[in-house]
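User: Hi! I've got a structure open and would like to talk it through with you. Could we start with a glycine?

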Amino acid sequence: MKTIMLVCAAGMSTSLMVSKMKKAAEAKNMEADIFAISASEFDDTLASKEVNVVLLGPQVKFMLKQFAPKLADKNIPIDAINMQYYGMMNGEKVLEQALHLIEG
């Protein structure tokens, strides 16, 4: 079971990405807990839930430098979602990006 956390400004557009990613995971017969939170929920969610990877929506990718140190000691990879994949709402490609980060 992979746990993928998407972070965005308010959680609106990213919730559509979550549903596209869940469909892509189902198509691969993969168990995944994929969810979106707003940037303001980052610390609380990290404290209460184990995650395998964090992906930032394009609107909050500037927060990468702020969030990365909080994940370094937990060995949780973090990256911004590829702009092109996000713009096209390509859940399969964003899922692949997340899995690639988890596998290192």
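Analyst: Happy to. Let's take G57, which touches V7, I81 and Y86 once residues up to four places away in sequence are set aside. Keep in mind that this is a predicted model.

User: Where does G57 sit in the chain?

Analyst: G57 is in the loop between β3 and α3, the helix that covers 64–72.

User: Is G57 buried or exposed?

Analyst: G57 is buried, because its relative accessibility is 0%.

User: And how far is G57 from E41?

Analyst: The C-alpha atoms of G57 and E41 are 14 Å apart in space, and the two residues are 16 apart in sequence.

User: OK, let me zoom out. What is the order of helices and strands?

Analyst: Starting at the N terminus, the elements run β-α-β-α-β-α-β-α-α. The radius of gyration is 12 Å, close to the 13 Å that the globule rule gives for 104 residues, so the protein is as compact as a globular protein of that length. In total there are 5 helices and 4 strands.

User: What are the dimensions along the principal axes?

Analyst: The C-alpha trace spans about 35 × 25 × 20 Å along those axes.

User: How much of the protein is buried?

Analyst: Buried residues account for 43% of the 104 residues. As for the surface, the protein exposes about 5,900 Å², and carbon and sulfur atoms supply 50% of that.

User: What about charges?

Analyst: There are 11 positive and 12 negative side chains, and the centres of the two sets are 5 Å apart.

User: Now the inside. Which residues have the most contacts in the largest nonpolar core?

Analyst: That core has 17 residues, and the ones with the most contacts inside it are I4, L6, M17, M21, I34, L55 and L95. At least two core residues come from each of β1 (2–8), α1 (12–27), β3 (53–56) and α5 (91–103). The largest share, 5 residues, is supplied by α1.

User: Is there any background on why such residues group together?

Analyst: In soluble globular proteins, nonpolar side chains tend to be buried together.

User: What does I4 touch?

Analyst: Apart from neighbours within four places in sequence, I4 is in contact with M21, D33, I34, F35, V53, L55, L95 and A98. There is also a second, separate core of 16 residues, which includes F35, A39, F42 and M63.

User: How many of the contacts join residues at least 24 apart?

Analyst: Counting contacts between residues at least 6 apart in sequence, 72% join residues at least 24 apart.

User: Let's go to T3. Which strand is T3 in, and what does it contact?

Analyst: T3 belongs to strand β1. Beyond its neighbours within four places, T3 contacts D33, F35, K49, E50, V51, N52 and V53. T3 counts as buried because its relative accessibility is 9%. As for L95, it lies 92 residues from T3 in sequence, while their C-alpha atoms are 11 Å apart in space.

User: Switching to helix α1: what can you tell me about S13 and T14?

Analyst: Both residues lie in α1. S13 counts as partly exposed because its relative accessibility is 31%, whereas T14 is at 0% and therefore counts as buried.

User: Which residues do S13 and T14 touch?

Analyst: Leaving out neighbours up to four places away in sequence, S13 contacts Q59, Y86 and M89. With that rule, T14 touches L6, C8, A36, Q59 and Y86.

User: M89 caught my eye. What is its phi?

Analyst: M89 has a positive phi of about 50°, although it is not a glycine. M89 is placed in the loop between α4 (83–87) and α5. Its relative accessibility is 17%, so M89 counts as buried.

User: And what about N29, buried or exposed?

Analyst: N29 is exposed, because its relative accessibility is 74%. N29 also has a positive phi, about 55°, without being a glycine. Its place is in the loop between α1 and β2 (32–38).

User: One last thing: how far is S13 from M1?

Analyst: S13 and M1 are 12 residues apart in sequence, and their C-alpha atoms are 24 Å apart in space.

User: Great, thanks for the tour!

Technical notes: Residues numbered from 1 in each chain as written. Predicted model: local features only at pLDDT ≥ 70, side-chain atom pairs only at ≥ 80, totals over all residues. Heavy atoms only, no water. Rg over C-alpha atoms; globule rule 2.2 N^0.38 Å. Buried < 20%, exposed > 50% of the residue type's maximum accessible area, 1.4 Å probe, protein only. Contact = heavy atoms within 4.5 Å. Areas by Shrake-Rupley, 256 points an atom, 1.4 Å probe, with all protein chains shown as cover. Lys, Arg positive; Asp, Glu negative; His and termini not counted. Charge placed at Lys NZ, Arg CZ, Asp CG, Glu CD. Core = buried A, V, L, I, M, F, W, Y, C linked by side-chain atoms within 4.5 Å.
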